[in-house]
Amino acid sequence: MTIPPADQRPTALVTGAGAGIGRAFARRLAQDGYRVIAVARDPDRLRTLTARLGPGHEHLAADLATGDGVRRTAELIAGTRVHLLVNNAGTAATGPFTTTPLERAQEMLQLNCHALTALSHAFLARARPGDALLNVSSTLAYAPKPDLAVYSATKAYTTSLTEALWAAHRTSGIRVLAVCPGMTATDSQPHRDAPAALVHTPDQVVTAALRALRRGDRPTAVPGAANRLFALAARILPRRRTLSALARD
Ligand SMILES: NC(=O)c1ccc[n+]([C@@H]2O[C@H](COP(=O)([O-])OP(=O)(O)OC[C@H]3O[C@@H](n4cnc5c(N)ncnc54)[C@H](OP(=O)(O)O)[C@@H]3O)[C@@H](O)[C@H]2O)c1
């Protein structure tokens, strides 16, 4: 599928745009003057979203945990002038490693790592100065939670990959950023039991990410002072202490 250029607006492709942080990205980018291509599985939700964004926005229904979904989305990127790619789609399974079905772990690897890598590759192979890649990671990239072991590892991968890509593109004019949100209230993760002061809105995450992307001077952005403190402590404290603290959490 190739979407013809509908107008003069730059194009932003957002994965996982049907809900949560991805939907907030899609709305904000449309307000900021981007033509948005929204990607997720549920076509009805995407249709409703793009209709609300206004004229010219498009969607692609694709399951990015499958090879077919990744291939169709990568082909779309290859055939369309995309100025900004937001790799936001991600999934998390909470629970003990051995009692969580292996299929859920594999789905996390497929979506959080494989799709993100393939789409980053398709995008950066064609990116021009001024273009930008934004990968959505997590504060758990800095310190793994025992009951989110695979998820935390996928986010460590996301941050590490993005940091390396940032360094590789530093002088090219192509901006690369990993945003590492902490707890963010979305439909799938409402975080109702957490102290309200520690839970961000998707809009707060989007604001912090786009501000850091505009600045372009660092590979990662952690929204919120408490989350930045957590990330800093995780890097400074002995690893065993961080792991023990998160195991008690
Ligand atoms: N919420 C948090 O507390 C938090 C904290 C740190 C990082 N994050 C990260 O932020 C990102 C967004 O999280 P969120 O909480 O906003 O998620 P969410 O509310 O569950 O929304 C996920 C979005 O991704 C789409 N999606 C899910 N599986 C997909 C698949 N296989 N293929 C294509 N699209 C898929 C969903 O739409 P369909 O179901 O229609 O496909 C939906 O649009 C993720 O990478 C997550 O790891 C979240």
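These legends go with close-up views of the ligand site and the internal cavities in a predicted model.

**View 1. The ligand in its pocket.** Here the ligand sits in the largest pocket. Its surroundings amount to 31 residues, and the closest of these are Arg 41, Asn 88, Tyr 151, Ser 188 and His 191. Sorted by character, the shell comes out evenly split between 13 nonpolar and 13 polar residues, with five charged ones making up the rest. Two helices to pick out are helix 1 (20-31) and helix 5 (149-169), since each supplies at least two residues of this shell.

**View 2. Polar partners of the ligand.** Zooming in on individual atoms, start with Asp 63: an N or O atom in the side chain of this residue is 2.8 Å from a nitrogen atom of the ligand. Next along the chain is Leu 64, where a polar backbone atom is also 2.8 Å from a ligand nitrogen. Then look at Thr 184, which offers a polar backbone atom 2.9 Å from an oxygen atom of the ligand. As for how much of the ligand is wrapped up, the protein covers 93% of the 880 Å² of accessible area that the ligand has on its own.

**View 3. The largest cavity.** The structure holds two cavities of 30 Å³ or more, and this view shows the largest, with about 70 Å³ of space inside. Around the walls you'll find Ala 93, Gly 95, Phe 97, Thr 100, Ala 105, Met 108, Asp 147, Leu 148, Ala 149 and Val 150. Helix 4 (102-124) and helix 5 are the elements that give two or more residues to this lining. Seven of the lining residues are nonpolar, two are polar and one is charged. Helix 5 turns up in View 1 as well, as a supplier of residues to the shell around the ligand.

**View 4. The second largest cavity.** This one has a volume of about 40 Å³. Its lining is made up of Thr 15, Leu 64, Asn 87, Asn 88, Ala 89, Leu 111, Ala 115, Leu 116 and Leu 119. Helix 4 gives the largest share, with four residues. No charged residue takes part: the lining has six nonpolar and three polar residues. Two names should ring a bell from the earlier views. Leu 64, part of this lining, has the polar backbone atom 2.8 Å from a nitrogen of the ligand. Asn 88, also in the lining, is one of the closest residues to the ligand.

Notes
Residues numbered from 1 in each chain as written. Predicted model: local features only at pLDDT ≥ 70, side-chain atom pairs only at ≥ 80, totals over all residues. Heavy atoms only, no water. Near = heavy atom within 4 Å. Polar contact = N/O pair within 3.5 Å; in protein donor to acceptor, adjacent residues only side chain to side chain. Areas by Shrake-Rupley, 256 points an atom, 1.4 Å probe, with all protein chains shown as cover. 1 Å grid on protein atoms, 1.4 Å probe; cavity = no way out; pocket = protein on both sides within 12 Å on 5 of 7 lines; lining within 4 Å. Sits in = over half its atoms within 2 Å of the grid points. Nonpolar A, V, L, I, M, F, W, Y, C, P; charged D, E, K, R; others polar. Points joined across faces, edges and corners; volume = space filled by probe spheres on them.
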